[in-house]
Amino acid sequence: MPRTRALVLLAVLAGSSLTGCKLADELASGAGPVTQAPGTVAAPPISPDQARTELAALKVAVRGTMDGYSRDEFPHWDKVDANCDVREQVLKRDGKDVKTDAQCAAKSGTWVSPYDGETWHKASDVDIDHVVPLGQAWVSGAKSWTRERREQFANDLVRPQLKAVTDNLNVQKSDKAPDAWKPPLVSYWCAYATDWIVVKRNYGLTITVPEQKALESMLQRC
């Protein structure tokens, strides 16, 4: 889908009364938006009960292999306007009192990492984490996607897929699923599991049995 058409579609979807399930159906059919245009409202969070319902609807399958995987298979940090790309947009969205230069690079601000509760004042101290990592998506269904669909996934500002977090935690997490890595801040487990489920449900990605059990356990923190 051409980028201009995708952004127009996003604005239409964001302003409509589509439910989370209907958005999931549309994205599964390949009609999902690419990125969030400036000023567009992201999809609202779902309740823990809805997360449990969506978790039960996820297809359970054996995790695939990393054969053929490369981050280059997921073009990311698309432009959202003339100056800012997706990464810069997340830094502005997740930070407080963020000051940027003419090229949209964050020069100052305050970021509180939801994964550990740490506060940072330099953009270089935070990374933009893909909640469902690119490699994790690859082994749970994205390997068979078109490059365009993978680009949509890597730049999604509508679903809760991109977070500004402490940089070393992003490295520590790598491509791990919740059965292998969880945020150190236990009080965030409910939100993390819910976000993970929303992303996997909207993109039709599979989960493994250990992953399913880990998510069920994390939802008990809600």
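**Helix 9**

I began with helix 9, residues 209-219, and listed its buried residues: Glu211, Gln212, Ala214, Leu215, Met218 and Leu219. Looking down the axis of helix 9, I found these buried residues within an arc of 165°, so they line one face of the helix. I note that the model is a predicted one.

Next I looked up what covers that face. The cover of the buried residues includes helix 3 (48-57), helix 5 (134-139) and helix 8 (189-203).

I then checked the start of helix 9. There, a side-chain oxygen of threonine 208 comes to within 3.2 Å of the backbone nitrogen of glutamate 211. Glu211 is also one of the buried residues of the helix.

**Second largest pocket**

I turned to the second largest pocket, for which I have a volume of about 190 Å³. Which residues line the second largest pocket? I wrote down Tyr69, Arg71, Trp77, Ile128, Asp129, His130, Pro133, Leu134, Asn170, Ser174 and Asp175.

Sorted by class, this lining has five nonpolar, three polar and three charged residues. I also asked which element gives the most to the lining. That is strand 4 (residues 126-130), with three residues.

**Arginine 71**

I picked Arg71 out of the pocket lining for a separate look. Arginine 71 sits in the loop between helix 3 and helix 4 (86-94).

Is arginine 71 buried, exposed or partly exposed? Its relative accessible area is 41%, and buried means under 20% while exposed means over 50%, so I logged arginine 71 as partly exposed.

For contacts, I set aside the neighbours within four places in sequence; arginine 71 then touches His76 and Leu134. Of these two, Leu134 is itself in the lining of the second largest pocket.

I also looked up one C-alpha separation. Arginine 71 and alanine 154 are 83 residues apart along the chain, and their C-alpha atoms are separated by 9.6 Å.

**Whole protein**

Last, I went to the overall counts. The secondary structure consists of nine helices and five strands. In sequence order I read the pattern as α-α-α-α-β-β-β-β-α-α-β-α-α-α.

How many residues does the protein have, and what percentage count as buried? The protein has 222 residues, and 46% of them count as buried.

For contacts with a separation of 6 or more, I noted that 72% are between residues 24 or more positions apart.

Technical notes
Residues are numbered from 1 along each chain as its sequence is written. This is a predicted model: local features need pLDDT of at least 70, side-chain atom pairs count only at pLDDT 80 or more; totals for chains, interfaces and linings use all residues. Side-chain values use heavy atoms; hydrogens and water are left out. Buried means under 20% relative accessible area, exposed over 50%, partly exposed in between (1.4 Å probe, protein chains only). Helices (H or I, at least four residues) and strands (E, at least two) are DSSP runs, numbered from the N terminus. The arc is that of the directions from the helix axis to the C-beta atoms. Contact means heavy atoms within 4.5 Å. A polar contact is a pair of N or O atoms within 3.5 Å; within protein, one must be able to donate a hydrogen and the other to accept it, and residues adjacent in sequence count only if both atoms are side-chain atoms. On a 1 Å grid over the protein atoms alone, a cavity is a set of points where a 1.4 Å probe fits but cannot get out, and a pocket is an open set with protein on both sides within 12 Å along at least five of seven lines; lining residues have an atom within 4 Å of a point. Grid points are joined across faces, edges and corners, and a volume is the space filled by probe spheres set on the points. Ala, Val, Leu, Ile, Met, Phe, Trp, Tyr, Cys and Pro count as nonpolar, Asp, Glu, Lys and Arg as charged, and the others, Gly among them, as polar.
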